[in-house]
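Please look through the structure below before reading on, and keep it in view while the report moves from one residue to the strands, the sheets and a pocket.

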Amino acid sequence: MRRRTVLSTFAIVSVVAAAGFGAWTRRDRWLPSADPEAAHGSGHHHDDHAPAAPPGVLLSTEAARGLGLRTEEVRLEDYPTVIEVPGVIVEAPACGRAVSAPASGVVSKVHIIPGEAVRPGSPLFTLQLASEFVQTTQTDLARSAKDLAAATALRDQTAKLVAAGTKSGFELTEEENRVRRLTTQIEGHRRQLLLFGLTAEQVKRAEAGDFVTELVIAAPRATHPAVPAPAGPAAGDPTFAFEVEALAVSQGQGVSTGQLLARLSDHHELLIEGQAFESEAALVVDATGEGRPVGVDFLEPAARGRSAGETKSVIRSVGKTDPATRTFPFYAPLANEARPYERGGRTYLAWQYRPGRQVRLRIPTGSVPNVIVLPAEAVVREGLDAFVFRQNGDAFERRAVTIVAEDRLNVAIAPGNGIVSGAYVLRNNAAAVNRAFKSAQA
């Protein structure tokens with residue numbers, strides 16, 4: 001009996017000792033951790049009543065500078081809702097110039113090449129005249145000039161005789177009529193030669209009997225402010241008005257009167273041609289009649305540290321509907337600028353915009369009041385959630401937001417979750433900051 005009691009006591013002591021040894025070997029699972037971050041990471045020993053700091057990421061100065069990050073204070077404002085329609089940049093109808101041959105002849109020299117910028121009055125072609133009519137007009141002008149000189153001398157002599165009483169006044173009247181007739185003929189020949197492209201100096205030469213056999217065809221006058229010339233040899237005459245779009249003839253080629261020689265383009269003012277459906281006609285007409293500006297999105301990437309923007313323009317006119325496509329065109333002016341540069345002794349123009357470029361036109365339809373408007377690249381998405389980054393000192397806190405309206409360029413979000421009026425919010429490169437945030441969290 002005593003032996004059984006001793007064995008029972010020994011068994012109980014052994015079980016207790018085994019349990020104590022097991023608890024000691026697993027003490028890291030039930031004792032509080034000495035590392036505060038490890039304790040926070042375990043998720044079992046934190047204060048549920050303490051406010052948790054919003055998750056964020058701290059970027060170095062070099063990283064922020066490299067990304068070109070830009071933060072601005074946000075305010076409540078109205079978000080303009082728009083519809084987007086396609087458009088293309090086209091030339092204005094009255095801005096192109098065609099250069100044609102004023103008389104028949106042979107192109108003896110071509111002074112220009114395609115793409116070159118030209119000044120008004122600068123030589124474009126030298127034409128060897130082969131027009132019989134031009135030669136005949138010069139001959140008639142020279143003959144009439146001699147006849148006029150003789151008729152004028154005879155009239156003056158007759159006037160003296162009439163004054164002396166040796167001749168009647170009727171003879172003087174006949175002489176005066178002849179002088180007037182020859183003067184009228186000479187003026188007609190002069191105007192005809194000027195229409196053929198001869199200069200006033202060449203007309204004087206032809207009148208004196210020195211007939212003109214070569215004709216220099218010059219660039220027409222400009223109808224707008226010209227582009228200043230670049231610094232250097234071309235800086236003496238800052239009047240670049242046209243650009244050679246195409247040449248229609250070559251050196252040594254015979255041409256007839258009125259034949260096209262070249263086309264000159266003038267891109268100082270272009271047009272944006274938009275295409276809208278019939279269902280959008282009311283919005284286009286309202287914007288046109290009220291003079292509300294429409295946005296022009298050139299679909300180009302934003303400059304470093306900048307957000308994609310748009311240019312404002314007012315619709316000038318609306319065209320008729322195409323029955324096949326059920327669309328109609330509308331037009332808005334677009335001012336253009338050029339920067340001249342020189343290559344190989346010739347001047348060229350680098351235009352800001354060129355015809356044929358595709359754009360998107362943003363026609364206003366209404367507005368959403370009391371929202372925060374941010375560029376599209378200030379918002380990052382993960383699934384159905386959207387986030388922006390609020391600046392807090394040197395850190396960027398990621399905050400979930402509610403999107404109210406959006407388009408390709410801008411996003412309207414409802415204020416809340418710390419994104420309120422007066423907060424500083426990152427406006428660009430949110431996707432890059434979000435990648436850094438996720439790496440830090442991982």
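## A residue in strand S21

Leaving out residues up to four places away in sequence, Gln 391 touches Thr 71, Phe 396 and Tyr 424. The model shown here is a predicted one, and every value in this report is computed from it. Gln 391 is found in strand S21, which covers residues 385–392. Is Gln 391 buried, partly exposed or exposed? With a relative accessibility of 30%, Gln 391 counts as partly exposed, because that class lies between the limit for buried, under 20%, and the limit for exposed, over 50%. A further link across the sequence involves Ala 423, which is 32 residues away from Gln 391 along the chain, while the C-alpha atoms of the two are separated by 7.9 Å.

## The chain as a whole

The chain has 442 residues, of which 34% count as buried, and its secondary structure comes to nine helices and 24 strands. The area that the chain exposes is about 25,500 Å², and carbon and sulfur atoms supply 54% of that area. If one takes the contacts between residues at least 6 apart in sequence, 72% of them join residues that are at least 24 apart.

## Glu 243 and the sheet around S9

Glu 243 lies in strand S9, made up of residues 242–247. The relative accessible area of Glu 243 is 6%, so this residue is buried, since buried means under 20%. Which residues are in contact with Glu 243, leaving aside its neighbours within four places in sequence? They are Gly 115, Glu 116, Ala 117, Arg 263, Leu 264, Ser 265, His 267, Leu 349, Trp 351 and Arg 354.

Strand S9 belongs to an open sheet of four strands, whose order is S4-S11-S9-S6 and whose pairing is antiparallel. At the edges of this sheet are S4 and strand S6 (117–118), each of which pairs on one side only. Within the sheet, S9 runs antiparallel to strand S11 (residues 260–265), and four bridges join the two. For Leu 247, the bridge partner in S11 is Ala 262.

## A second open sheet

Another open sheet of four strands has the order S8-S7-S5-S10, again with antiparallel pairing. Strand S8 (214–218) and strand S10 (254–255) each have a single partner strand, so one side of each is left without a neighbour in the sheet.

Strand S5 (residues 105–110) and strand S7 (residues 123–129) are joined by five bridges and run antiparallel. The bridge partner of Gly 105 in S7 is Leu 129, and that of Val 110 is Phe 125. S5 also runs antiparallel to S10, to which two bridges join it, and in S10 it is Val 255 that stands opposite Gly 105.

## The partners of strand S19

Strand S19 (residues 358–375) is joined to strand S3 (residues 77–91) by eleven bridges. S19 also pairs with strand S13 and with strand S23. The table sets out these antiparallel pairings, with one residue pair for each.

| Strand paired with S19 | Number of bridges | One residue pair |
|---|---|---|
| S3 (residues 77–91) | eleven bridges | Glu 84 and Arg 362 |
| S13 (residues 294–297) | three bridges | Val 296 and Leu 361 |
| S23 (residues 410–414) | four bridges | Ala 412 and Val 373 |

## The largest pocket

Rolling a probe the size of a water molecule over the atoms shows where empty space is left. What is the volume of the largest pocket? The volume comes to about 260 Å³. Its lining consists of 13 residues, and those that lie nearest the centre of the pocket are Gly 197, Ile 217, Ala 218, Ala 219 and Pro 220. The elements that give two or more residues to this lining are strand S4 (97–100) and S8. Both strands have appeared above as edge strands, S4 in the sheet that holds S9 and S8 in the sheet that holds S5. Sorted by class, the lining has nine nonpolar residues, three polar residues and one charged residue.

Definitions and conventions:
Residues numbered from 1 in each chain as written. Predicted model: local features only at pLDDT ≥ 70, side-chain atom pairs only at ≥ 80, totals over all residues. Heavy atoms only, no water. Pairing = 2+ DSSP bridges. 1 Å grid on protein atoms, 1.4 Å probe; cavity = no way out; pocket = protein on both sides within 12 Å on 5 of 7 lines; lining within 4 Å. Points joined across faces, edges and corners; volume = space filled by probe spheres on them. Nonpolar A, V, L, I, M, F, W, Y, C, P; charged D, E, K, R; others polar. Buried < 20%, exposed > 50% of the residue type's maximum accessible area, 1.4 Å probe, protein only. Contact = heavy atoms within 4.5 Å. Areas by Shrake-Rupley, 256 points an atom, 1.4 Å probe, with all protein chains shown as cover.
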